[in-house]
Amino acid sequence: MPAADLLASQERPGPHLYFFGLPGAGKSHCGRLCERELGYVFHDGDEWLPEDLKASLERGEGFTEEQRDRFSVAIAEHMEDVKRAEVSARGLEARPIAVAQAAFKRKHRDVIRRAHGDVVFVWVRCAEDTRLKRLREGQNLVDEELGQRMARDFEQPGDGEGCAVILNGVD
């Protein structure tokens, strides 16, 4: 049974999801699909970027370690706010959340994991040529050149870091 059918057939809402991976892999696409098809509340973590991180991207730079450290804490706080607001608005009918944000380093994913033990991490992957084509098309905060540089900083999930994997648009 496809994963979407399995999640849709559950009597209770599915788990909270955190989509991570390289720019252009399709994290937000997966989150929007969960919202549209499965009833999740979706949030693109790019909407939570502080002004200094947005400015770094606009200059064609990646993030510093200090910026990543700070942003991982902010993401965890935003996720708590979103979960709390959903429960406040819907009570027992609260929908699960899906969040998409790169989370390049394991230590930053671990910050979110420690704050949200009920979240399933999903590594979104795709073929490199597909990813770079998406970045060239300009539907992302990151351009192709920065996307290639950022790929060198990405830490793939390692031993003991449980996560699901989605191959998005792999030929």
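# Briefing: a predicted chain of seven helices and five strands

For a chain of 171 residues, a compact globule would have a radius of gyration near 16 Å, and this chain, with its 16 Å, agrees with that expectation. The model is a predicted one, and its C-alpha trace spans about 45 × 35 × 30 Å along the principal axes. The chain holds seven helices and five strands, which follow one another along the sequence in the pattern α-β-α-β-α-α-β-α-β-α-α-β.

**Overall build**

- Of the 171 residues in the chain, 42% are buried, and the accessible surface comes to about 9,400 Å², with 50% of that area belonging to carbon and sulfur atoms.
- Among the contacts with a separation of 6 or more, 77% are made between residues that lie 24 or more positions apart in the chain.

**The sheet**

- The five strands form an open sheet with parallel pairing, and their order across the sheet is β2-β3-β1-β4-β5.
- The edges are taken by β2 (41-44) and β5 (164-167), each of which has a single partner strand, so that one side of each is left without a neighbour in the sheet.
- On average, and with direction ignored, neighbouring strands of this sheet are turned by 20° against each other.
- Strands of a sheet are held in pairs by backbone hydrogen bonds, in either a parallel or an antiparallel arrangement.
- Strand β1 (residues 16-20) runs parallel to β3 and is joined to it by three bridges; the partner of Leu17 in β3 is Ala98.
- Helix α4 (residues 65-90) packs on this sheet, where it touches β1, β2, β3 and β4 (119-125), and its direction makes about 155° with that of β3.
- Five bridges join β1 to β4, again in parallel, and here Phe20 stands opposite Trp123 of β4.
- Strand β4 also runs parallel to β5, to which four bridges join it, and Val124 stands opposite Ile166 of β5.
- Because five of the seven residues of β4 are buried, this strand is largely enclosed by the rest of the structure.

**Ile97 in strand β3**

- Ile97 is found in strand β3 and counts as buried, with a relative accessibility of 0%.
- With neighbours within four places in sequence left aside, the residues in contact with Ile97 are Pro15, His16, Leu17, Tyr40, Val41, Met79, Val82 and Lys83.
- The C-alpha atoms of Ile97 and Asp110 are separated by 18 Å, although 13 residues is the distance between the two along the chain.

**Helix α6 and Arg131**

- Helix α6 (residues 128-136) has Thr130, Arg131, Leu132 and Leu135 as its buried residues, and these pack against α7 (144-153).
- An α-helix has 3.6 residues a turn, so residues three or four places apart point the same way.
- Arg131, whose place is in helix α6, counts as buried at 1% relative accessibility, since a residue under 20% is taken as buried.
- Once neighbours within four places in sequence are left aside, Arg131 is in contact with Leu22, Pro23, Gly24, Ala25, Cys126, Gly147, Gln148 and Ala151.
- After α6 comes Gly138, a residue whose phi is positive, near 80°.

**A positive phi outside glycine**

- Ala103, a residue other than glycine, also has a positive phi, with a value near 45°.
- Ala103 lies in the loop between β3 (97-100) and α5 (106-115), and at 12% relative accessibility this residue counts as buried.

**Cysteines**

- A disulfide is a covalent bond between the sulfur atoms of two cysteines.
- A search of the whole structure finds zero disulfides.
- The cysteine sulfur closest to that of Cys30 belongs to Cys34, and because it is 7.1 Å away, it is too far for a bond.
- Cys30 is buried, with a relative accessible area of 7%.
- Cys126 is in no disulfide either, and its nearest cysteine sulfur, that of Cys30, is 9.7 Å away.
- Cys126 is likewise buried, with a relative accessible area of 16%, and this cysteine is one of the residues in contact with Arg131 of helix α6.

Conventions:
Residues are numbered from 1 along each chain as its sequence is written. This is a predicted model: local features need pLDDT of at least 70, side-chain atom pairs count only at pLDDT 80 or more; totals for chains, interfaces and linings use all residues. Side-chain values use heavy atoms; hydrogens and water are left out. Buried means under 20% relative accessible area, exposed over 50%, partly exposed in between (1.4 Å probe, protein chains only). Helices (H or I, at least four residues) and strands (E, at least two) are DSSP runs, numbered from the N terminus. Contact means heavy atoms within 4.5 Å. Two strands pair if DSSP finds at least two bridges between them. Axes are lines fitted to C-alpha atoms, for helices over the stretch in contact, and angles run from 0 to 180 degrees between N-to-C directions. The radius of gyration is taken over C-alpha atoms; the globule rule is 2.2 Å times the number of residues to the power 0.38. Accessible areas come from the Shrake-Rupley method with a 1.4 Å probe; for residues, only the protein chains shown count as cover. A disulfide is a pair of cysteine sulfur atoms within 2.5 Å.
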